2 protein chains.
Amino acid sequence: MNYEFPITKTTNPKQKPDPKGLRFGTEFTDHMFVMDYNPEDGWNNGRIVPYGPIELDPAAVVLHYGQEMFEGLKAYKTPEGRVQLFRPYMNAQRTNNTNDRLCIPTIDEELFVAAIKALVKLDQDWIPEGEGTALYIRPFIFADEPFLGVRRSTTYKFMIILSPVGPYFESGLAPTKMYVEDVYVRAVKGGTGEAKCGGNYGASLKAQEIAHEKGYEQILWLDGIEKKYIEEIGAANAFFVIGDEVVTSELNGSILPGITRNSIIALCKKKGIKVSERKISIDELEEAYRAGQLKEMFASGTAAIVSPVGELLYKGERMIINDNQIGPVAQEMYDTIYGIQTGKIEDFMDWTVAVE
Amino acid sequence: MNYEFPITKTTNPKQKPDPKGLRFGTEFTDHMFVMDYNPEDGWNNGRIVPYGPIELDPAAVVLHYGQEMFEGLKAYKTPEGRVQLFRPYMNAQRTNNTNDRLCIPTIDEELFVAAIKALVKLDQDWIPEGEGTALYIRPFIFADEPFLGVRRSTTYKFMIILSPVGPYFESGLAPTKMYVEDVYVRAVKGGTGEAKCGGNYGASLKAQEIAHEKGYEQILWLDGIEKKYIEEIGAANAFFVIGDEVVTSELNGSILPGITRNSIIALCKKKGIKVSERKISIDELEEAYRAGQLKEMFASGTAAIVSPVGELLYKGERMIINDNQIGPVAQEMYDTIYGIQTGKIEDFMDWTVAVE
C-alpha cells in the first residue's frame, strides 16, 4: 500500500543548530506529522504541518490519566548522502504492543513507517553530521477526549517530531557511576514495565534525582517483588559481561523490550559471542565482581546506543568495573551498531531502511 | 495571607446543563484557573480566564513522560444557599505528597485552597441542585517544558476546571459486580500507588476493560507482590464489614490515601463503630464469606462517595454480598457524608469550608 500525506510547508524555516554544540532533545525541525483518531473514521487525516504548538482541551484525558505512549528511533545520513532509518518496523510493532496495554487503538505498521519516512524526507537537511550525532525521531500518541471519567478515551492524536541530537550523555562513551536502587521500583509484572508509556518515566524521576544527589549518574533497578533481580538501568536495558558470557535480563513482563537490546543479542550471536537472556541477581553480580569475573557492564538504548558503567554502588559497597574504562564488548557493539546506522559499516544484518 | 487572582470573564457564557440528565465529567463551567511555574519566579501569575483550549508544545514533557498529577473534590450548595467545599486542605496536602513523588514543585496549601474558592465563587451558579449532584472540582498540574530527555521539567502549569456532575455510576447506589484481578497489577510498594498521578490511571484501563467484557463493573486489585492482599477497588478504596468490624486496607505505600476513606474511618470512630486499617487477604474474605461473616463490601471515593458491591468473582467463585443490597454501614456512611457535604446534616466533624 502506498501512503501519501498532504504537506503544508513552513513559511518561516528555522536556523539549523551548530552540530558541534548539539544537546539531546532541545531543538526541533521545521515540520511535524499529525494524525487523528475517532471511532467513526479510525486513524485519519495524516498530514505534515509546520512544527508548532497544539491546542488541547484542559480536560483532555492525557493531562489527567496518562493515556499516552511514545517511541524513539533515529535517522542518519550515510557518507554517500543516503538517508536511512534503523529498524523502524521494530518501533511500529512495539507501538502496537504498548497501545494494547494502554487501551490505545493500534496503528497500521506500514502507515507508521511511511509517516516517519515522509517527515524525515522533508526535513532531511536537519540530519546533523559529525561523530555521535543523529536525527532523533519521536513518534507519540496521546488521548485527547475532554472527559474526566476513568475509561479509555474515544479520540487520540498520533504525532511525530524530529530533533537533531548530539550524544545523550554529555560525557559520551565515558563510563558512568551507577547506584543500585532498593527503595523505589520501576515496574512490576502485571504493571506497565514492558510498555513504552509516559507513566513509567514520570515515576522514575524521583529515584534518579536521589542518585544524582549522591553523585551517581544513573540507577540500576531491581525487580519490585524480591528486590533481588536486575531489571533495567535508568531508562535503558542492562548488559553484563561475566567471564566470557554476555548477559542481559530476560523479558519478564516488567522489562522494556529494547530494540538496541535486541540488536546487541543478535550481533553477539552473529559474531559467535556467548550471550544469554536470563535472570541475573545482584548477588550474582557481587560474587562475580569479587571473583574478578565481572568484566563489563553497560546500558543499551536508542538515545545513547551503549553507555558503559564504570562504578556500581550497592548497600555501601563500591564495585569498580573494568578499571573504569569502556570494555571491548561495549566498544564493539557501539562501533558496529553506530557504524551500520551511519552507513560506515556494511549492513550485514539487514537492519537499515532507506528513506526513498 | 490573602490571595487575589485577576479575573477575565467570559463574553460568551455557556448554557447550563439540565441537572436531571447530568453525567460525570463531560461538561465544564465558564471559567478556569491557571497558574505558571518557572525556576525564576516559582509559581506565579495565578489567574482566572474563560474555559478554553490551552496551547502546548508537542515536545511538552507531559505528553511523553507523564509528569502530571490531579486532585478531585466537590462543591455543594446548602439549603440556605451557602456554597461549601468538603475538606479541601486534605487535597492540598495530598497534592504536595504527590508532587514530591513526581518531582513537581510543591504549592502553598493556602494558595491551593484560595484558588479553588475564587473559581467556585465565580462559577457558583453552575452548582447543580438535586439528589446525587455536585460541582466537581479538578485541580491538576502538568509539566510543559519542551524537552525530550528524561529529567524533571523546569516549567509547569497548575490548573483548576469545574464540572457539574451527576452520580459517578449511572446506577447510583445500586450494588455493582466486581472481578478480582489476578493478572494485572495497579501498583507496588516503591512505585506510585500512593500518589495521585496520571500513570496509575492509564495503567488501570486494561484490567477494567477485561472486567467489563466479562460482565463486571469494577475490579478488586490485589497487591503486586503476593497477589494476596486487597489493595483497592477500581480507582477507589475498599471497605468490608466482617462480623461487626469495618475493615479497610492499611496504607502501605501502594494504596491511595483517600479522603473519603479517611472520612469513613473518622465517622466510624465518632459513631462508636469498630473500624480497622489492616492487611486483609482475599483468603480471609473468602473464609468470612463462607462463614456468613462478610456482611458488606463497598468502594469509597470522591466521585461516588460510597459504592456498594453486591457480587465478587474470584477464581470462578461467585460471592453474593448482603443479598446484593446496599448494607446499613454503606448507607449510613453515604447519608452522613453526603448530608454534611450538602449542608442537610449539621457538620459535626468540622469538615466543610465555606466559599466566602
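Is B:D323 buried or exposed? In this predicted model, B:D323 has a relative accessibility of 64% and therefore counts as exposed, the cut-off being over 50%. The residue is found in chain B, in the loop that runs between β17 (317–320) and α7 (328–341). Its phi is near 55°, a positive value in a residue other than glycine. A second residue of this chain, B:N45, also departs from the general pattern: B:N45 is not a glycine, yet its phi is positive, at about 60°. Most residues other than glycine have a negative phi. B:N45 is placed in strand β2 (residues 42–50) of chain B. With a relative accessible area of 42%, B:N45 is partly exposed.

In chain A, attention falls on an annotated lysine. An unreviewed UniProt entry places the feature "modified residue: N6-(pyridoxal phosphate)lysine" at A:K196. This lysine, A:K196, is found in the loop between β9 (176–181) and α4 (198–213) of chain A. Its relative accessibility is 10%, so A:K196 counts as buried, for which the cut-off is under 20%. When neighbours within four places in sequence are left aside, A:K196 is in contact with A:M69, A:F70, A:E71, A:G72, A:R94, A:T98, A:Y201 and A:L256.

The search for enclosed space gave 7 cavities of 30 Å³ or more. The largest cavity holds about 280 Å³ of space. Its lining is made up of 22 residues, and the closest to the centre are A:R186, A:T192, A:N200, B:R186 and B:T192. The elements that give two or more residues to this lining are α4 of chain A and α4 (198–213) of chain B. By class, the lining of the largest cavity has 10 nonpolar, 9 polar and 3 charged residues.

The second largest cavity has a volume of about 90 Å³. It is lined by 13 residues, and those nearest its centre are A:L73, A:F86, A:T260, A:T302 and A:Q341. At least two lining residues are supplied by each of β5 (73–77), α5 (259–271) and α7 (328–341) of chain A. The largest share, 3 residues, comes from β5(A). The lining of the second largest cavity has 6 nonpolar, 6 polar and 1 charged residues. Because domain 1 (19–166) and domain 2 (176–341) of chain A both give residues to this lining, the second largest cavity lies between the two domains.

Terms used:
Residues numbered from 1 in each chain as written. Chains lettered and ligands numbered in written order. Predicted model: local features only at pLDDT ≥ 70, side-chain atom pairs only at ≥ 80, totals over all residues. Heavy atoms only, no water. UniProt positions renumbered as here; feature names shortened; annotations may be inferred. Helix = DSSP H or I, 4+ residues; strand = E, 2+ residues; numbered from the N terminus. Buried < 20%, exposed > 50% of the residue type's maximum accessible area, 1.4 Å probe, protein only. Contact = heavy atoms within 4.5 Å. 1 Å grid on protein atoms, 1.4 Å probe; cavity = no way out; pocket = protein on both sides within 12 Å on 5 of 7 lines; lining within 4 Å. Points joined across faces, edges and corners; volume = space filled by probe spheres on them. Nonpolar A, V, L, I, M, F, W, Y, C, P; charged D, E, K, R; others polar. Domains from an automatic or database assignment.
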